[in-house]
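Work through the exercises below with the sequence and the 3D structure at hand, and try each task before you read its solution.

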Amino acid sequence: MIELVPGRTDTSAAARIGTTVRRWVVIEPEGIEHSRATIPMFRDWLALVDGEPVGVGSCSLNLGMEEDTAAFATNCVLPSARGHGVGTAIYRQVSAYARELGKSELMTWGYEDDAGGVAFAELHGFAVVRRKPALRLVLDGCPRPTVALPEDVAITTLADSPELARGVWEAAGETMPDIPHYGVPMGAGSFENFAARSFAGPRYIPEATFVAVKGGDVIGYAQLVWMSRTAGIADHAMLAVRRAWRGRGIAKALKARQIAWALENGLSELRTGNDERNASARAVNANFPYTPLPDQVGYRGPLLASE
């Protein structure tokens, strides 16, 4: 018997299932709790078979693209439980909630090496609309990078200069629409919502949120967040330089500062990934010894018809 219950029933099980299915992303219970608190209209469910957690799904407005006709959803089922209707039950639930949100489609993502996930998406009419080559940087033996900054440009952190938070938000507001997208461009939203998502919660590392400043103005920033504090893995959440300052090596310097911080603080690994069309971000990564992971694939597809 398949039963869907609220995700809060067992957040640890939800995190464990998500990590098992995603493989290249570590999902921790505290991160799920933060999503519930900060992502617009977020709801999640745990799928039980005979009382045992075997799947997890979620649905929300598309973060930064809330006006999109698609809701954002996830659907993770343990490999051992696939082929028995669990994924379809989650798909039906997230579709019903997407309709409540006034949406007519779903956006979701997975990894290209998850054959079962790829087959499920194709079976239900989902099309690949985005591909992000994923990368990892193993820090054991990684050389410390040093990159020169343009004259009069300094790099600080939000730990040292918390008053720059609004300038970071303004930089995000300018640069997020430049990220390759499908349909609705990304936006930073209000300062209050941006700060709640980006400058708070269990993943936030103020000492690793680097800010490039010229004459007191924020001209770029780069943020590392925890993927797994226990395992010493951090994620490159954002690297942005304002349009007038691009092409001067600032992004490369910010990335180098992130890697240096990770080395100094004993992290084991960094993860990142950029849309295959984001040539400038991928060119920055090429300056450092990242190695490839399976591509992250973005899908867009229909809601499942109601029973």
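**Exercise 1: a pocket**

Describe the second largest pocket, beginning with its volume.

Solution. The second largest pocket has a volume of about 540 Å³, a volume being the space filled by probe spheres set on grid points joined across faces, edges and corners. A pocket here is an open set of points on a 1 Å grid over the protein atoms alone, where a 1.4 Å probe fits, with protein on both sides within 12 Å along at least five of seven lines, and lining residues have an atom within 4 Å of a point. Of its 31 lining residues, the closest to the centre are Asn75, Gly116, Gly117, Phe120 and Ala121.

The model is predicted, with local features needing pLDDT of at least 70 and side-chain atom pairs pLDDT 80 or more, while totals for chains, interfaces and linings use all residues. Residues are numbered from 1 along each chain as its sequence is written, and side-chain values use heavy atoms, leaving out hydrogens and water.

**Exercise 2: a loop residue**

Is Asn274 buried or exposed, and which residues is Asn274 in contact with?

Solution. Begin with the accessible area: Asn274 is buried because its relative accessible area is 18%, and buried means under 20% (1.4 Å probe, protein chains only). Next, leaving aside neighbours within four places in sequence, Asn274 is in contact (heavy atoms within 4.5 Å) with Arg131, Lys132, Pro133, Ala281, Arg282 and Asn285.

**Exercise 3: contacts of Leu254**

Which residues does Leu254 contact, leaving aside its neighbours within four places in sequence?

Solution. The list comprises Ile155, Phe210, Val211, Ala212, Gly220, Tyr221, Ala222, Leu239, Ala240 and Val241. Leu254 is also among the residues with the most contacts inside the largest nonpolar core, which has 30 residues; such a core is a set of buried Ala, Val, Leu, Ile, Met, Phe, Trp, Tyr and Cys residues joined through side-chain atoms within 4.5 Å.

Note on methods. Buried < 20%, exposed > 50% of the residue type's maximum accessible area, 1.4 Å probe, protein only.
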